[in-house]
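Please look over the sequence and the model shown here, and then follow the paragraphs below, which go from the whole chain to a few of its parts.

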Amino acid sequence: MAYSQSLNELVAALSKLPGIGRKSAQRIAYHLVTSDEEYVKNLSDAILNAKEKTHYCSVCNDMTEDEICPICASDKRDRSLICVVAEPKDVVAIEKTKEYKGLYHVLGGLISPMDGIGPNDISISKLIGRLNGEVKEVILATSLSVEGETTAMYIARMIAPLGVATSRIAKGIPAGSELEYADEATIANALEGRRKI
Ligand code: ZN
């Protein structure tokens with residue numbers, strides 16, 4: 001490899017980004033070092049700025065710049081509904097449908113024994129802690145993959161004794177695929193067609 005050391009380091013760092021292989025990392029690195037300086041500086045400032053300001057909502061674990069995210073803080077949301085998702089990007093996908101008016105809970109992953117991720121490694125106990133008298137239904141909107149199903153079933157079992165209804169999003173989103181890749185109508189239908197479990 002005829003790259004300089006600094007360029008090699010940049011390629012190595014970019015290769016660690018999700019979905020970026022070595023070839024893409026090389027292409028991006030080359031693009032960056034041949035771009036004008038102001039663009040590169042703005043990009044690096046944007047990364048640092050977002051990193052500095054973004055943290056987890058203290059209620060739902062979604063990404064926010066505030067202590068409590070705008071959805072949790074809003075008085076226009078239906079507080080009797082909590083939609084449980086794996087990642088912050090799933091909230092974005094569901095919000096895009098403009099159909100859902102309840103609250104969210106972001107687990108921060110899915111139960112996956114193969115990867116050593118158990119129920120205590122994701123935000124389940126915090127979810128249970130939110131089930132005060134106000135919440136009437138918990139919608140389990142984890143993906144229809146093995147991990148998503150395992151997580152949904154585990155949470156449903158934990159919630160059952162508390163007298164809060166649980167429901168599961170309908171099939172329609174292809175099994176294993178993630179919410180972020182489904183179109184808005186598909187997500188809206190999956191939520192609309194949810195079934196009590
Ligand atoms: Zn929140």
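In this predicted model, the charges of the chain number 23 positive and 27 negative, and the mean positions of the two sets are 4 Å apart. The surface on which a solvent probe could roll comes to about 11700 Å², of which carbon and sulfur atoms supply 56%. Of the 197 residues in the chain, 39% are buried, and the C-alpha trace spans about 65 × 35 × 35 Å along its principal axes.

The secondary structure consists of eight helices and seven strands. When contacts with a separation of 6 or more are considered, 55% of them join residues that are 24 or more positions apart in the chain.

Five of the strands form an open sheet with mixed pairing, and their order across the sheet is β4-β3-β5-β6-β7. At its edges lie β4, residues 102-106, and β7, residues 195-196, each of which pairs on one side only. In general, the strands of a sheet pair through backbone hydrogen bonds, in either a parallel or an antiparallel manner. The pairing of β6, residues 165-168, with β7 is antiparallel and extends over two bridges; in one of the residue pairings between these strands, Arg168 has Arg195 of β7 as its bridge partner.

Which strands does helix α5 lie across? This helix, residues 88-97, lies across β3 (78-85) and β4, and runs at about 155° to β4. Within α5, the buried residues are Pro88, Asp90, Val91, Ala93, Ile94 and Thr97. An α-helix has 3.6 residues a turn, so residues three or four places apart point the same way. The cover over the buried residues of α5 includes β3 and β4, together with β2 (63-64), α4 (70-73) and α8 (184-192). Just after the helix, Lys98 takes a positive phi of about 60°.

A last stop is Val40, which is placed in helix α3, residues 37-53. Is Val40 buried, exposed or partly exposed? Its relative accessible area is 28%, and because this value falls between the 20% limit for buried and the 50% limit for exposed residues, Val40 is classed as partly exposed. Once its neighbours within four places in sequence are left aside, Val40 is in contact with Leu32 and Ser35.

How values were computed. Residues numbered from 1 in each chain as written. Predicted model: local features only at pLDDT ≥ 70, side-chain atom pairs only at ≥ 80, totals over all residues. Heavy atoms only, no water. Helix = DSSP H or I, 4+ residues; strand = E, 2+ residues; numbered from the N terminus. Buried < 20%, exposed > 50% of the residue type's maximum accessible area, 1.4 Å probe, protein only. Contact = heavy atoms within 4.5 Å. Areas by Shrake-Rupley, 256 points an atom, 1.4 Å probe, with all protein chains shown as cover. Lys, Arg positive; Asp, Glu negative; His and termini not counted. Charge placed at Lys NZ, Arg CZ, Asp CG, Glu CD. Pairing = 2+ DSSP bridges. Axes fitted to C-alpha atoms, helices over the stretch in contact; angles between N-to-C directions.
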